[in-house]
Amino acid sequence: MKLYHGSNEVIKVPKLLEGQRPLDFGNGFYTTTNLIQCRAFARKVLYRKNTGKAIVSHYEFDENLLPDINVLQFDSPNKEWLEFITKNRIKKNPDNDYDLIIGPVANDDVYNTLLPYFAGNMSAEIALMLLKPKKLFNQYTFCSDKSIQLLHYVASEEVSYE
């Protein structure tokens, strides 16, 4: 399987980054199978950091190795997914026992929809109903050294501003 990581630099050797801002699946190395989404994210990282270039690093990952690691997978944005990302986004669940977490990404558009839920001002049912028309891409978050060693760097590309 091909996976992509958007950044402001080439990442030949992925590393687990801790102490970042609160993210959907907590600390880890975030990738996606969606190259278009990843290119947009690389542009966003460059804009936010204002240094380097918008870069997408390409990796190979052998899905046959999934039984060898502890995986949490969300097949859709359901209530369990919503609770999990809420805990991570508000830093109540910064640690987990998973090697790899797979599921929908709550991008900025989705995140803005979820803010009232995070604040306790909206029910899970309404939040999930509002998410249904949104296009949710996927993410593969490598959360342990064991899992990140299964990623193999292939190439990188500089992203243009088309």
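**Close-up 1. Phe-25, a buried ring.** In this predicted model, in which local features need pLDDT of at least 70, side-chain atom pairs count only at pLDDT 80 or more and totals for chains, interfaces and linings use all residues, Phe-25 has a relative accessibility of 0% and counts as buried (under 20% relative accessible area, with exposed meaning over 50% and partly exposed in between; 1.4 Å probe, protein chains only). Residues are numbered from 1 along each chain as its sequence is written, and side-chain values use heavy atoms, with hydrogens and water left out.

**Close-up 2. The pair of Phe-25 and Phe-74.** The structure holds 6 aromatic pairs (rings of Phe, Tyr and Trp, the last by its six-membered ring, with centres within 6.5 Å; planes under 30 degrees apart are stacked, over 60 edge-to-face, the rest tilted). The ring centres of Phe-25 and Phe-74 lie 6.0 Å apart with planes at 25 degrees, so this pair is stacked. It links distant parts of the chain, 49 residues apart, with Phe-25 in the loop between β1 (2-7) and β2 (29-31) and Phe-74 in the loop between β4 (71-73) and α2 (79-89). Phe-74 is buried, at 9% relative accessible area.

**Close-up 3. Phe-84 and the ring cluster.** Phe-25 and Phe-84 form a tilted pair, 6.0 Å from centre to centre and with 55 degrees between the planes. This pair joins the loop between β1 and β2 to helix α2, where Phe-84 is placed, 59 residues apart (helices are DSSP runs of H or I with at least four residues, strands runs of E with at least two, numbered from the N terminus). Phe-84 is buried at 11% relative accessibility, and ring pairs link Phe-25, Phe-74 and Phe-84 into a cluster.
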